[in-house]
Amino acid sequence: MKMKSMLKYTFSLLFVLVSFLTQAQEVKAKDSTTIKKDTVKPKTERYGLRLGVDLFKLSRSFYEKDYRGLELVGDFKVTRKHYIAAEIGNENKTVDDAKLNFTTKGTYLKAGFDYNAYENWLGMNNMIYVGLRYGVSSFSQTLNSYSVYNPNPYFGESPTIQVAQKYDGLSAQWIEVVAGLKAEIVTNLYVGFSVRLNNLISNKVPEGFDNLYIPGFNRTYGGNFGAGFNYTVSYFIPIYKTILKPKEKKVEKKK
C-alpha cells in the first residue's frame, strides 16, 4: 500500500510540474505579444546559479524516527542546454530487518552535468533533463544486533545478540544516471523531481560485515546497483546576461 501511495503521489507531482511548464510558456507568450512594435530591445539570455534543498529527505527526518538527513542541491547554467550540477548531504539511518539491526552515518558529494531537452521561451530556465553524476561517500557502520539463522525452528527462534560493533573509515564511489524536470512556479522559484539509477565502482567493506546502506547511494540490495529520487525546491540567482545574436538567414542561390 505504501508503494502504491508513493507512486500515486509521484505521478501526481509529475503531472503538476508538467502543467507548470505549459502554463509558464503560455504566460510568456502572452507577455511577448504586449510589447510595442516600435520598441526593439536586444534579446538576452540569463545565466546564474540555482540553489535548493531536497524536500523528501528534509520531511522524512520529521516523520521517520530512525532517519535523519539533509541534501542541498545546485546547478549552474553553462550554455543554453548544459548545466553543471551537484548535490551534497548527510544521512543517519537505522535499518531494523528481521535478523539484523544496524546504523549508518556519513556524508556524500555528487557532481556532474545535466542536459536540458526542453525548449524554453526566451528568459526562462525550465528543464526536462538527463544527466550524469560521480558520487563519493564517507561513512561508518554500527552493527547493533543480529540473530543467527535457525534452519530448524522447532525449539524456538534464535536469541538476538547485542553487539554494538562500530566500523569507521568506510567509503564508496559510484556513477549515477539522472532524469528529471524543474518548473518555475513564481519568479526565480523552482520545484523539481528526479529519479536516479546508481552503479557502485568501489566499495570499502568492513571485515565480517557488509555495506547494506550507503549515504547518498541508498540500499545496495546485495549488489552494485541502487536507486533513488528527490523532490526539490530551489531559487535561481541571476548573475549575468548575454545578448543573443540574430540567426543569419540562408539565401538560396537562383539557378
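A strand, as the word is used here, is a DSSP run of E with at least two residues, numbered from the N terminus. With that in hand, the fold of this predicted model can be walked through from the whole chain down to a single side chain.

The secondary structure amounts to 2 helices and 10 strands. Read from the N terminus, the order of the elements is α-β-α-β-β-β-β-β-β-β-β-β. Of the 255 residues in the chain, 39% are buried. Among contacts with a separation of 6 or more, 68% link residues that stand 24 or more positions apart. The chain presents about 16,100 Å² of accessible surface, and carbon and sulfur atoms supply 63% of that area.

Strand 10 is a good place to begin looking at how the strands are arranged. Strand 1, covering residues 44-54, runs antiparallel to strand 10, and 11 bridges join the two. Within this pairing, Gly52 is found opposite Ser234 of strand 10. Strand 10 also pairs with strand 7, again in the antiparallel sense and over 11 bridges. Here Asn199 has Phe225 of strand 10 as its bridge partner.

Attention now turns to the space inside the protein. Rolling a probe the size of a water molecule over the atoms reveals where empty space remains. The count comes to 1 cavity of 30 Å³ or more, and the largest cavity holds about 100 Å³ of space. Its lining is made up of 16 residues, of which Val73, Glu87, Tyr129, Lys182 and Arg196 are the closest to the centre. Two or more lining residues come from each of strand 2 (67-77), strand 3 (82-96), strand 5 (127-147), strand 7 (189-203) and strand 10 (225-243). Strand 7 gives the largest share, with 4 residues. Sorted by class, the lining has 5 nonpolar, 5 polar and 6 charged residues.

One residue of strand 2, Arg68, can be followed in more detail. Arg68 has a relative accessible area of 44%, so this residue counts as partly exposed, a class that lies between the cut-offs of 20% and 50%. Leaving aside residues up to four places away in sequence, Arg68 touches Ser61, Asn90, Glu91 and Asn92. Of these contacts, the one with Glu91 spans 23 residues in sequence, while the C-alpha atoms of Arg68 and Glu91 are 5.8 Å apart in space.

Notes
Residues are numbered from 1 along each chain as its sequence is written. This is a predicted model: local features need pLDDT of at least 70, side-chain atom pairs count only at pLDDT 80 or more; totals for chains, interfaces and linings use all residues. Side-chain values use heavy atoms; hydrogens and water are left out. On a 1 Å grid over the protein atoms alone, a cavity is a set of points where a 1.4 Å probe fits but cannot get out, and a pocket is an open set with protein on both sides within 12 Å along at least five of seven lines; lining residues have an atom within 4 Å of a point. Grid points are joined across faces, edges and corners, and a volume is the space filled by probe spheres set on the points. Ala, Val, Leu, Ile, Met, Phe, Trp, Tyr, Cys and Pro count as nonpolar, Asp, Glu, Lys and Arg as charged, and the others, Gly among them, as polar. Two strands pair if DSSP finds at least two bridges between them. Buried means under 20% relative accessible area, exposed over 50%, partly exposed in between (1.4 Å probe, protein chains only). Contact means heavy atoms within 4.5 Å. Accessible areas come from the Shrake-Rupley method with a 1.4 Å probe; for residues, only the protein chains shown count as cover.
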